[in-house]
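Please find below a short note on the structure under review. The points proceed from the chain as a whole to individual residues.

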Amino acid sequence: MVTAGEARWQLAVRRAEVIGRLARDDRVSAAAVDEAGAELGLKRRQVYALVKRWRAGDGLASDLLPGTSSGGRGGERLADEVEAVVRKVLRTRYLTRQRRSVAVICREIAHVCRAKGLRPPSRSAVVRRIGRLDQVKVVTAREGSDAARPRRAAGGSTPPVQGLLERVQIDHTPADVIVVDELHRLPIGRPYVTAAIDEASKCVPGLVITLEAPSATSVGLCLAQMAIDKRAWLERLGVDAMWPMSGKPVQLYVDNASEFKSEALRRGEHRCSGPPAPGEPGCDPHRPRRPTARPARTTRTHRQPTTTPDPNRDARQNRPPPHRPNRRPR
């Protein structure tokens, strides 16, 4: 009662007022239980459990204090001796080049635990502890350093991001749309999307769509849109939406594309006192390996009324398979 927090104690007092009035009768009707449950925000089974606790206790508010969680799912509930056995077997038997399976590891852990008079853990407990291991160390120990190279960051670990616009990544990707002219409906090309993504908030503070190939111009337009307010641009397009992200980035993370190493971008960075361009002395070597941007090729885009259907699609689908003569083995 003394160690209970103020919120738990007030809840217990409120429960005591309702449950104490309900428990005075020898027989509690279902209607009274439902009324008490609606008042306390509890189900009928929970109200009956509180009535039972009130009658079995001293009739005080401390009898109805809500319990505290003991860790719940995912907590460490194995004994210290069993945990030591699991760690030792994983270190000496699992992290080896023999690449023993999980079933073999579970049998070895159970064998060691029974030899010491301990209760062996379940398979799910062992699997959870295997999943918590460092995957770079696991792959290095089981498959070698060459197999673990794709799992390591380029240049070491990436410095943590603390605030907004502290580190912004910029890259291009072609959109899964073909733009056609208004008169003959002939294809012009696929537009390129240049996007700037803030690592801290995962928001897009700048976005440019152009039919030109990625260049220093598209990068500069993306940086300009990232820095300015978007309300005037949205009003000009007739879009009723909010885009509150704007500001000057502290660092830019880019790849080694030619547009990011152009003279125009380098001079703009020096003029704005921005970060050095890729490959310049003093550039941060901890560039994270980003996944390759791949456009989502779904049929939902082609269902839009503004898209141009392929006139030869049905002919290709209905084309008979090529004739392949049967060859007898010699």
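**Note on the predicted model**

1. Contact range. Where contacts link residues at least 6 apart in sequence, 54% of them join residues at least 24 apart. The coordinates under discussion are those of a predicted model, and the remarks that follow should be read accordingly.

2. Composition and burial. The chain contains 13 helices and six strands. It has 330 residues, of which 27% count as buried. The exposed surface of the chain amounts to about 23600 Å², and carbon and sulfur atoms supply 53% of that area.

3. Principal core. The largest nonpolar core has 14 residues, and those touching the most other members are Ile 19, Leu 22, Val 47, Val 51, Trp 54 and Leu 64. Two or more residues of this core come from each of α1 (6-22), α2 (30-40) and α3 (44-56).

4. Surroundings of Leu 64. Leaving aside residues up to four places away in sequence, Leu 64 is in contact with Ala 12, Arg 15, Ala 16, Ile 19, Leu 50, Arg 53 and Trp 54. Two of these partners, Ile 19 and Trp 54, are also named with Leu 64 among the core residues that touch the most other members.

5. Second core. A separate core of 13 residues is also present; among its members are Val 89, Leu 90, Val 126 and Ile 130.

6. Cysteines. How many disulfides does the structure hold? The number is zero. Two cysteines may be compared in terms of burial. Cys 222 has a relative accessible area of 0% and is therefore buried. Cys 203, at 26% relative accessibility, counts as partly exposed, because this value lies between the limits of 20% and 50%.

7. Backbone at Leu 165. The phi angle of Leu 165 is positive, near 60°, in a residue other than glycine. Leu 165 belongs to the loop between α8 (145-148) and β1 (168-174). Is Leu 165 buried or exposed? Its relative accessible area is 15%, so Leu 165 is buried, the cut-off being under 20%.

8. Backbone at Arg 185. Arg 185 likewise is not a glycine and has a positive phi, of about 60°. Its position is in the loop between β2 (179-180) and β3 (187-189). Arg 185 has a relative accessibility of 42% and therefore counts as partly exposed, whereas Leu 165 is buried.

Conventions: Residues numbered from 1 in each chain as written. Predicted model: local features only at pLDDT ≥ 70, side-chain atom pairs only at ≥ 80, totals over all residues. Heavy atoms only, no water. Helix = DSSP H or I, 4+ residues; strand = E, 2+ residues; numbered from the N terminus. Buried < 20%, exposed > 50% of the residue type's maximum accessible area, 1.4 Å probe, protein only. Contact = heavy atoms within 4.5 Å. Areas by Shrake-Rupley, 256 points an atom, 1.4 Å probe, with all protein chains shown as cover. Disulfide = S-S within 2.5 Å. Core = buried A, V, L, I, M, F, W, Y, C linked by side-chain atoms within 4.5 Å.
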